[in-house]
Amino acid sequence: MKPLLLSLALALASACAHYTPAPLQPAALADAYAGRRLDDPALREFLAEHGANPADSGWRSTDLALVALYFQPALDRSRAAWRAARAAERDAKARPPASVQGELGRATSSQVFESRWIAGLNGIFTFELGGKRGARVAATRARTAVAEAELEETAWRTALAVRRAAVELHAAEERLADASAEQARVAAFGGGLRRRYAEGVIGRSEVNQIETEEATVAGLVRRERETVTADRIALAHAVGIPPEALERQSIAPEPVPECAARSAADSLRTLALRRRPEIGRELAAYSVAEAELRVAVAGSYPDFSIGPAFAWDQGIPKWSLLPGLPRIPLDGNRGPIAEAVARRSEAGARFAEVQEATIAQVDSAAAACRVAGVELESADSVRAATLRRVEEGQAAYERGEVGVIDLATLELEATRALRELHLGRQRAAAAGLALEAATGAWPPGAVTWPDPREARPQTEASR
């Protein structure tokens, strides 16, 4: 008996796990964030592995998106959730644990028996019926699929946020350049008017008007300059690095997103329903609800247990076999089944909701692209007309038919028309970016996007 008990104790001790504490250190995490740099050797190696090689021409949005996939903690969180879901599959596959019970006693009288001692040992083994284990495994696998889809969505949204921030920064820099050019034109025009006022050719009201315009365009320049600073900070946050790490870095001009609104609406919808990670996530969520219904139905079946036992009863050895039904669902588990049926209906309705919302986003983005295209064509026509007027004004000025102020007025109109044209292109770019997002496209570029399930090697400073 003693060797048996000792062997059992050793087996139980070897199966026990040990807890390892891992306390969070907020100060260390903040220092690690502050120490992130784009010249991190491990980061550069990671970028090279995926086809990104930032050159002197500047960082492209795809390069910075890879940096975000390397640094952003949202990926680590989603990856940990996916691993937790995978670990749950192992628990779902496990059989019901066996249990062992023992008895030790001493009789008050042994007149008939050889010994007063009573000892017993019995085990209890439970067997699940009704397909409980298979349903449980199916549910956990579906939850893993949900976690994987959420991980993919997190990676996609992280890269998309960088692309959007880069497009907005490029637009802000273009608006600042246009405002500065307009300020220079207005200043030159104002200088000419002041000279004519000094000569007594024009009145004070015209000078007051140009001074108002000078103040207006100066305010516009200051606003656009602050917008560029704010957009650069927003880009740094989207990448996952401190703003000062991006201050002296050259950002390459972002290619203008093209509107694919001319494509057939059905093809755009089909593309979105095939690529958007939310669609896959909701399909997996419906599979979870379906499997949970299977678990509830399987719960209407009782389990079967068997308990072999050996006893030493005052010198007489005995063995016995005790069958049992440890769980008898007398109500047929109707409550959990009804709840699971309702949750399956909810999951189906949620999938339909997400699918319709995706289609609506595609249609709205395509419509916005068409509107932006019309506005861009109009701005381009106005710009072309002002350029023709400038050419005609220059010819008239050379012939002595108009003065320098008249020519400066035409050039200022042309400068403002160019700014409106750039604004039209920026609105078209925003519409194209919205259509990219609606169809689930990754930022375009000659890079290889990493598998988000694989952990990224990081230096100690970046962890």
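Here are three short exercises with worked solutions on this predicted model.

**Exercise 1: the nonpolar core**

Find which residues have the most contacts inside the largest nonpolar core, and which helix gives the most to it.

*Solution.* Start with the core itself: it has 40 residues, and Val67, Leu235 and Ile241 have the most contacts inside it. Next, look at where the residues come from. At least two apiece are supplied by α3 (41–49), α4 (61–71), α5 (73–93), α6 (132–198) and α7 (204–239). Of the helices, α6 gives the most, with 11 residues. Now zoom in on Ile241: if you skip neighbours within four places in sequence, its contacts are Tyr33, Arg36, Leu38, Val67, Phe71, Ala236 and Leu246. Finally, don't miss the other core, which lies apart and has 11 residues, including Ala365 and Ala438.

**Exercise 2: a helix pair**

Work out how α9 (residues 277–298) is oriented against α10 (residues 334–398).

*Solution.* First take the geometry: the helices pack at about 170°, and their axes are 8 Å apart. Angles over 145 degrees count as roughly antiparallel, so α9 is roughly antiparallel to α10. Then sort the residues of the contact between α9 and α10: 15 are nonpolar, three polar and seven charged.

**Exercise 3: the sheet**

Which strands stand at the edges of the four-stranded sheet?

*Solution.* Write down the order, β1-β2-β3-β4, in an open sheet with antiparallel pairing. β1 (99–106) and β4 (316–324) each have a single partner strand, so these two are the edges. Further in, β2 (residues 117–127) pairs with β3 (residues 304–313) over eight bridges, and Ala119 sits opposite Trp312 in β3. As a last step, check the twist: ignoring direction, neighbouring strands are turned by 15° on average.

Terms used
Residues numbered from 1 in each chain as written. Predicted model: local features only at pLDDT ≥ 70, side-chain atom pairs only at ≥ 80, totals over all residues. Heavy atoms only, no water. Core = buried A, V, L, I, M, F, W, Y, C linked by side-chain atoms within 4.5 Å. Buried < 20%, exposed > 50% of the residue type's maximum accessible area, 1.4 Å probe, protein only. Contact = heavy atoms within 4.5 Å. Axes fitted to C-alpha atoms, helices over the stretch in contact; angles between N-to-C directions. Parallel < 35°, antiparallel > 145°, perpendicular 65-115°, else oblique. Nonpolar A, V, L, I, M, F, W, Y, C, P; charged D, E, K, R; others polar. Pairing = 2+ DSSP bridges.
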